[in-house]
Structures are given as structure tokens and as C-alpha cells.
Amino acid sequence: VENKVELLDEATRFINEAYVELGKENLIEQRLAVIAREIEEKNSYEHTLEEIEQGARMAWRNNNRCIGRLFWQQLQIRDARTVHTTEEIKQTLFNHIEEGTNNGAIRPTLTVFKPNTVKIWNEQLIRYAGYIVDGQQIGDPLSNEITALCQRLGWKSPQTDFDVLPLLFQKDETSPMTMQSIPSNLVKEVEITHPDYPKLAELGLKWYAIPVITNMRLEIGGISYDAAPFNGWYMGTEIASRNFVDEQRYNKLDEIAAAFDITTRKNRDLWKDRTLLELNIALLQSYQREKVQVVDHHTAAKQFGQFEQQEKAQNREVTGNWAWLIPPMSPTTTHIFHQRYNNEVKKPNFFYKKSPFD
Ligand code: HEM
Ligand SMILES: N/C(=N/c1cccc(CO[C@@H]2CCNC2)c1)c1cccs1
């Protein structure tokens, strides 16, 4: 936010809405008086933990692109606003991975650091490296830039398709970089196999259990938490219909088709569709085999429908981004495809940050 007036306006909107939902409308006036004084004095104000918990849950509930919002009230918040040393930051991030993974029974979790302190350069806490070796892409192309930086900082790796990147962060904007490998026992991964096609296992495909987003900022009542890593669990299509097969990602559709003995000659054989179908089945079954939480896109769409009903009962309009909410596989078999959504952006919410590389 630009100025004191705007900040107080954002704070007022947030406190009014949050305190009504918390059943504390009688405390609004007094709380706003305190916040107004703080803003007058310090050009900012500090949230209570309860305000951050409610604010982060509202931000998830408000995000138009998220199909998983039914569980917004169960988001676990970890308060890391007093965490400042690189050692504490490292431990806090490791603990987030451990507590979020929970041996596969994934718990939606968000860790909040003090504004204008920690700067995380990773896009997700767990992500595979990307390299171009002899003109050939290895690993995840989205990681090529951060991988090169890690290598410049001395990172050594076996240069496989699935090397987990180290954490790369600064304790604040002016501090030196800390690069720290994640203990492998904290990184739960799933080998992707198909019960009917043993050749798939020979491709050696695997993916990590928990997506922890670190390249978005959490805005609550005019305050921006630039370091607020959050995780949920995956919807199977994210990995099997995008990460493994997009040309700008692992680009493995042809190899995977061959593993399923599917010939790739004629479009109208729909070989791509059959390959994606079997790969999505393999993904879901592999995660279930390892007891790692994952949701199929049909169940996810039904849960989103329940979320819509729940919100209607609370007299809140569900906003959404249709193009993002429809799953990339069989979208027309979900109610979402046949409905329209208001894409208005409500706050609190999550927003993209400018990349640290820009
Ligand atoms: C609990 C299980 C969850 C599932 C299955 C889920 C599913 C998804 C999916 C499939 C997307 C689209 C991602 C893409 O296409 O790249 C998405 C977007 C998003 N989700 Fe959820 N989500 C879950 C939990 C959460 C949680 C806990 C938060 C934050 C507290 C969250 C915040 C978001 C945000 C901010 C986006 C938009 C990302 C962007 O704009 O790039 N989600 N979610
Ligand atoms: N399942 C998930 N999927 C995503 C949610 C948000 C962002 C992303 C990654 O988005 C990238 C940018 C656009 N597509 C890939 C994936 C979750 C991650 C953290 C909580 S739930």
C-alpha cells in the first residue's frame, strides 16, 4: 500500500469482516483505535496471531484459482514472526516440510515470517533442479535459472532428472545468501508405476509428496507477508497432465506412450489422450500405494461444489477463475465447466511477487 490513509482503509475493511466472522464485533472499535494509532506512529501495524490465522484462511477462501478451498478453515498457521537467524529460519522451513508432510497424511499449513525480513529464492520448498548439458535439458526447465545460481554458489549434484534443490534464502534483503540442502529423510517422494504396465517403472519417474509454494505473498489488511510458505496436497492432474508432459516441463509424453505400448502415429487414435489417462491412473495409484494424500480431479470438483454450497449458506458469493478451476482432464464431466464465476479479486488473498531474479 502507498500511504497511511490507504493502509488504515485496508485495515478497517479487514478487521470489520474478520471480527464479525470471529464473533468479536464488539471489539472492532477498540481494535481499530489501536491500529490507527500504530499506523500514525509507525506507518504500519502489527497483527495478532488470531488476525493472521483468520486472514490467511480468508486469503485461501478468496483465491479464485484454487479448486481445493473446501478445507479453508482447517489451515494450520505457524507463527515465525520472531524467527530471525539463518539457523532458526532453516529449522523453521525444515519443520514446515516435516509437519506439512506428516508421513503422507498431508496437513494444509502456512508459515508466516515478519514482513520485510526473510527472502526465499526458491519457488517451492521442494523442487527438482534443471540443467542444460550438451544442449540437452535435464530435470525441470522451470528450475534452470535457480539451479545455475546454486551451482555458482558451490552446489554439487549428480545431474539427474530429480535432484532436489537446496533451500536458498536471505535472512533479510541486505544479508548474504544462505544455501542449505534439505535432509533427504524430510523429502518424501513417490515412484510412479502402473499395475498393468511394468515398463512405466523403467522410466524412473517420481515426484515429491508435498507442494510448498514460496513465490507468493500473503496480503492481509494492507500488510504484505512476502515470506509465507504454504502447502496443501496435489491434485493428480497437476503432475500427470502437466509437470511430466508439458513441452516446457519434463516433456515425456512420447516415452510414456511407448511404456504403455501405445503407438503415437495418428492423432485420431487419440494416443495422447489414452497416454494421459493411463498416466493419471498410475499417478493416483502410486500416491495411494505410498499412503501420500492426493486428490483426483473428480473428487476435487465435488469438494469445490460443497464449498460453493457452504459459502452460499454463509451468504458469501464464491468468486473464481473458470479457466483455472476447470481441471485439465475431462473438464466437461465437472459442474465447474458448465457454470460461470465472478473473477473479482477479494482480499485478503495471495498474490505473485516479483521474481527475485528480476
Ligand atoms: C488442500 C489441498 C489443495 C488442493 C488439492 C489445491 C489445488 C489447487 C490447484 C490444482 C491449483 C491450480 C494450480 C495450477 O494449476 O498450477 C491451485 C491454485 C492455488 N491454490 Fe490451492 N489447493 C489446495 C490447498 C491450498 C492451500 C492450503 C492454499 C493456501 C493456503 C492454496 C492456495 C492456492 C493459490 C494461491 C492458488 C493460485 C496459484 C497461482 O495463481 O499460481 N491452495 N490449488
Ligand atoms: N496442489 C497445489 N497446487 C498449486 C497451488 C498453487 C500454485 C501451484 C504452482 O503454480 C504454478 C504457477 C502456475 N501453475 C504452476 C500449485 C498446492 C500447492 C500449495 C498448496 S496447494
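I began by fixing a term: I call a pair of N or O atoms a polar contact if the two lie within 3.5 Å of each other. I also noted at the outset that this is a predicted model.

**Entry 1, ligand 1**

With that cut-off in hand, I looked up tyrosine 352 and found one of its polar side-chain atoms 2.5 Å from an oxygen atom of ligand 1. I then turned to arginine 65, where an N or O atom of the side chain is 2.9 Å from an oxygen atom of the ligand, and to tryptophan 60, where a polar side-chain atom lies 3.4 Å from a nitrogen atom of ligand 1. Looking at which elements give two or more residues to the shell, I wrote down strand E13 (230–231) and strand E16 (349–352). I listed 18 residues around the ligand, and the closest are Trp60, Arg65, Cys66, Phe230 and Tyr352. Sorting the shell by class, I got 13 nonpolar, 3 polar and 2 charged residues.

**Entry 2, the sheet**

I reminded myself that strands of a sheet pair through backbone hydrogen bonds, either parallel or antiparallel. Here I traced an open sheet of 4 strands in the order E1-E2-E13-E10, and its pairing is mixed. Strand E1 (76–80) and strand E10 (212–213) stand at the edges with a single partner strand each, so one side of each has no neighbour in the sheet. Following E10 to its partner, I found that E10 and E13 run antiparallel and are joined by 2 bridges, and that isoleucine 213 stands opposite phenylalanine 230 in E13.

Next I checked which helices pack on this sheet. Helix H3 (residues 49–62) touches E1 and strand E2 (109–113), and its direction makes about 135° with that of E1. Helix H4 (residues 86–101) touches E1, E2, E10 and E13, and I noted an angle of about 165° between its direction and that of E2.

**Entry 3, two residues in helices**

Is asparagine 243 buried or exposed? I located asparagine 243 in helix H7 (residues 236–243), and I recorded it as buried because its relative accessible area is 8%, while the limit for that word is under 20%. Leaving aside residues up to four places away in sequence, asparagine 243 touches Trp207, Tyr234, Glu238, Arg249 and Tyr250.

I closed with glutamate 255, which lies in helix H8 (residues 253–259) and is partly exposed, with a relative accessible area of 39%. Its C-alpha atom is separated by 8.0 Å from that of leucine 203, although the two residues are 52 residues apart along the chain.

Note on methods: Residues numbered from 1 in each chain as written. Chains lettered and ligands numbered in written order. Predicted model: local features only at pLDDT ≥ 70, side-chain atom pairs only at ≥ 80, totals over all residues. Heavy atoms only, no water. Near = heavy atom within 4 Å. Polar contact = N/O pair within 3.5 Å; in protein donor to acceptor, adjacent residues only side chain to side chain. Nonpolar A, V, L, I, M, F, W, Y, C, P; charged D, E, K, R; others polar. Buried < 20%, exposed > 50% of the residue type's maximum accessible area, 1.4 Å probe, protein only. Contact = heavy atoms within 4.5 Å. Pairing = 2+ DSSP bridges. Axes fitted to C-alpha atoms, helices over the stretch in contact; angles between N-to-C directions.
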